[in-house]
Each structure stands twice: as structure tokens, then as C-alpha cells.
Amino acid sequence: MTDLIDDLLAEARKLDQADPLAHHIAEFADAPGVTAYLDGNSLGRPLRDLPEKAAAFIRDDWGTRLIRSWDEQWMALPMRLGDRIGAITLGAAAGQTVVADSTSVLLYKLMRAGVAARPGRDEIVIEAGNFPTDRFIAAGVANETGTTLRWVEPDPILGVTADQVASVVSERTALVVLSHVDYRSGSLAAMPEITAAVRDAGALMLWDLCHSAGVVPMSLDEWGVDMAVGCTYKYLNGGPGSPAFGYLRAEHHGSIVQPIHGWWGAADIFAMGPEYAPVSGIRQLLSGTPPVLSMLAMQGMLDLIELEGITALRVKSITLTEFAIRAYDALLAPLGVRLLSPREASRRGGHVTIGHDSFQEVTTRLWADGVIPDFRFPDGIRLGLSPLSTSHEETLRGVIAVRDALQS
Ligand SMILES: *Cc1c(COP(=O)(O)O)cnc(C)c1O
């Protein structure tokens, strides 16, 4: 067994030495007592220079410029940051992405707007294993609009396929809501093929990008995606509760109108007129004053992703997940641990999920020892490997800790 670990350790060190992104790890803040942080898919780490940037923001942008900063920079920030996220991670041309609200709220706005934009169609297609907030909000929207949820039940490890989607969409489908990367298994959906099948049926496609934005490259414009929503606090390291982003394809501007008619989505924000008239651009997705302070941390991460390119991050992400699976095969499979993620890299996002009946208890022990993955009910540990902040050796430390916890 020690030989096995020695071999894996040698391999991890070799991979880290060959890793062109490895030097960025030191740019993230230290976390004393943490020996393996494997939860960057749930809450990305802060960059080391964030405290100074936050202090400068409070002293200068807020404390000195005061309300003048709204005109000078903050009014435009939701659109400016949206454009950056679009260009750097989504394959979206400017003017179609905005930063606002939370993922849950933007999902509501876009689902509601999507159903309204397809009158006469009475079904929303959604997968049974989707993240709870996506399912709950879809159920609420179905209730409000008199539509029916039509469930797709994909393989829990491999995820939803284009054939499955094609077989359920019809002239009754208003909207299809799916996750690009499944939050549990990490399976990666075939976005171009699925989107094409949905659009062929005359329906609208809404992608949840929470677990893929910032780690899996995509081309929303080229692939014909209608709408998308994603988190910024996962692989975009925006910090706890940082606002979400929403994408609405330019061809729908003016015709798809979101339902929360606040002043920030009005044609003229300061007209203070008697009635709401929506702006036809992407700003229509906004409702009220944006959380400017919560948009600070993600900007440093976007700088890094832009510097290296999302393709380089995907290459490292695949190296990390493949190594995690090799370590799993060697150390955990013999102990009866199941692999709950696809083996084929092209069908997998940035995390690897493993399963064992004792994992709830194992996770508690790992956290106490400074090894931080996350647990997903009923028996899954997710190893979230964020390419700019995670090393192969750190990944191996995590897998070894799981083995030790199982054996003790
Ligand atoms: C993390 C996550 C969310 C979270 O939504 P919030 O509104 O930010 O709480 C939603 N959907 C998916 C798929 C997620 O992974």
C-alpha cells in the first residue's frame, strides 16, 4: 500500500511540475489548518490581494467618491461585468449578459418570461435530478402560469442526453430547463445538440451554468442558446452570496420581458414616470439596485481566467479529475467506494463524486482534520477541483484522507 501511495505521490508531483497554471495557486489566500480544499465548486477561494482591494473600494470608491461613484462606474457595472463573463467564459458577445440577483431569482425571472413568450404551449421540461432550487422554481412557475412540468429521468451518473430531450419536446413545450454540469454526478450535458433539439421543437432553452461557468468552455452564441443563468461564487470565486449572471440572446431582446418590473429595467431609469416601459437591451433583466460590493471579488478571478484562457483551465481541470479517478481506483475502489461520475473526460465537468454509506460521518471527520470536500445526501462526497487553485498533490491528500477515515 505504501508503494502505491509513493507512486501516486510521485505522479502528482510530476503533474504539478508540468502544470502551466501551478504558479497561480500561491495567489489565493492561505487557509491555516486546511491541507486540502476540495470544495471550490461550492465556494471558490478568495484571492490574496482581496483585502487590499476591498479596503481601497471602501476608502476611495465609496468613502471618497460617495454617490458620484454611481455615475462614474457602478451604474454600468452589472452590464460591464456581464460582458466580461460573457467574453471570458460563455462565448457570448457583448450586450447579452448581466450580473444581478441570485441564481434562484434569475431562474424565476427567465422561466416566467420564457413561458410567457410561448403562448399556447403548456409544458416546461425539466430533469428529475436537477438542483432543488431549479425544480422548486419551475414548479412554482408552472403553478402560476397553468403549465405542467414534464420530467426527464436521466441516468444518475451519465446525465441527460440529446436523444432523451428530443423524445420529450413537442409543440406543447414552452421551455426546457437543464443544468450544463450536474451538481451531483458532475456529468456534462451536450449543450449544442440539446439546444438544437429544443429549438427545432420551437421551444426555448434555459441552461443553468452554476457548475460549469469558469471551468468548462462554451459558445452560447454559436450554439443558439436562448437563455442561461449561473452562479459567480463557485468557479468564479465571487464570495459567499455574490450575485448571479443571466444571459438573454440578443434576438429575444424586446420580445422576452422578465416579470419583476423594477426601475433598473426601465427604458429610462431616472424618468420617474407613471408606468413601466422596459428597456429593450439586456438591462431589462435588472429589477433593483445591484449589490456593488459583492461584485468586487469575482473581478480578480475574471482577470486570471482571461489571462490564461478558459481552454487552459479546462485542460487542467481534466488532468485533475482524471488523476482523482486514478487515485480513487487505486485507493478507494478496493474499499467498496463507488464512482458516481462519468469516467469519460468529455462527459464530465470539474468535480468527481464518490459514494459510500459512511460518507456523511467520514465528511465530518475530514472537515475536523482540515480536508474539505462536501457531502451530498444520501452518500456522496464531491471532490471539487478548481483549476487555478487546486494542485494534484492536494487532490491526492484528499483521497488519502478519505481512505484513512474509512479504514480507522
Ligand atoms: C449552486 C447552484 C444554485 C444556487 O442558487 P442560488 O440562488 O445561488 O442559491 C442553483 N442551481 C445550481 C445548479 C447550483 O449548482
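Domain bounds here come from an automatic or database domain assignment.

**Figure 1. Two domains in one predicted chain.** This is a predicted model, and the assignment splits the protein chain into domain 1 (2-48 + 309-407) and domain 2 (76-305). So you'll find domain 1 written as two stretches of the chain and domain 2 as one, because that's how the assignment gives the bounds. Measure from centre to centre, using C-alpha atoms, and domain 1 and domain 2 sit 29 Å apart. Where they touch, domain 1 puts in 34 residues and domain 2 puts in 27 residues.

**Figure 2. What gets buried between domain 1 and domain 2.** Together the two domains bury about 2500 Å², and 60% of that is on carbon and sulfur atoms. Look for Ile310, Arg347 and His351 on the domain 1 side: this trio supplies 23% of the area that domain 1 buries against domain 2, more than any other three residues.

**Figure 3. Polar pairs across the domain interface.** If you go hunting for salt bridges between domain 1 and domain 2, the count is zero. Polar contacts are another story, with 16 residue pairs found across the interface, both partners at pLDDT 80 or more. On the domain 1 side, the elements giving two or more residues are helix 10 (310-332) and strand 10 (351-355). Helix 10 gives the most, with five residues. Sort that side of domain 1 by class and you get twelve nonpolar, 15 polar and seven charged residues.

**Figure 4. Around the ligand.** The ligand has 13 residues around it, and the closest are Ser104, Asp208, His211, Tyr233 and Lys234. Three of these names are worth a zoom for their polar side-chain atoms. Asp208 places one 3.0 Å from a nitrogen atom of the ligand. His211 has one 2.9 Å from an oxygen atom of the ligand, and Tyr233 has one 2.6 Å from an oxygen atom of the ligand.

**Figure 5. A cis peptide bond at Pro378.** Here the bond to look at runs from Phe377 to Pro378: it is cis, with omega near 5°. Pro378 itself belongs to the loop that joins strand 12 (374-376) and strand 13 (380-384).

**Figure 6. A positive phi at Asn237.** Asn237 isn't a glycine, yet its phi is positive, near 55°. To find Asn237, follow the chain into the loop between strand 7 (227-230) and strand 8 (244-248).

Notes:
Residues numbered from 1 in each chain as written. Predicted model: local features only at pLDDT ≥ 70, side-chain atom pairs only at ≥ 80, totals over all residues. Heavy atoms only, no water. Contact = heavy atoms within 4.5 Å. Buried area = accessible area lost by both parts, 1.4 Å probe. Salt bridge = Lys/Arg side-chain N within 4 Å of Asp/Glu carboxyl O. Polar contact = N/O pair within 3.5 Å; in protein donor to acceptor, adjacent residues only side chain to side chain. Helix = DSSP H or I, 4+ residues; strand = E, 2+ residues; numbered from the N terminus. Nonpolar A, V, L, I, M, F, W, Y, C, P; charged D, E, K, R; others polar. Near = heavy atom within 4 Å.
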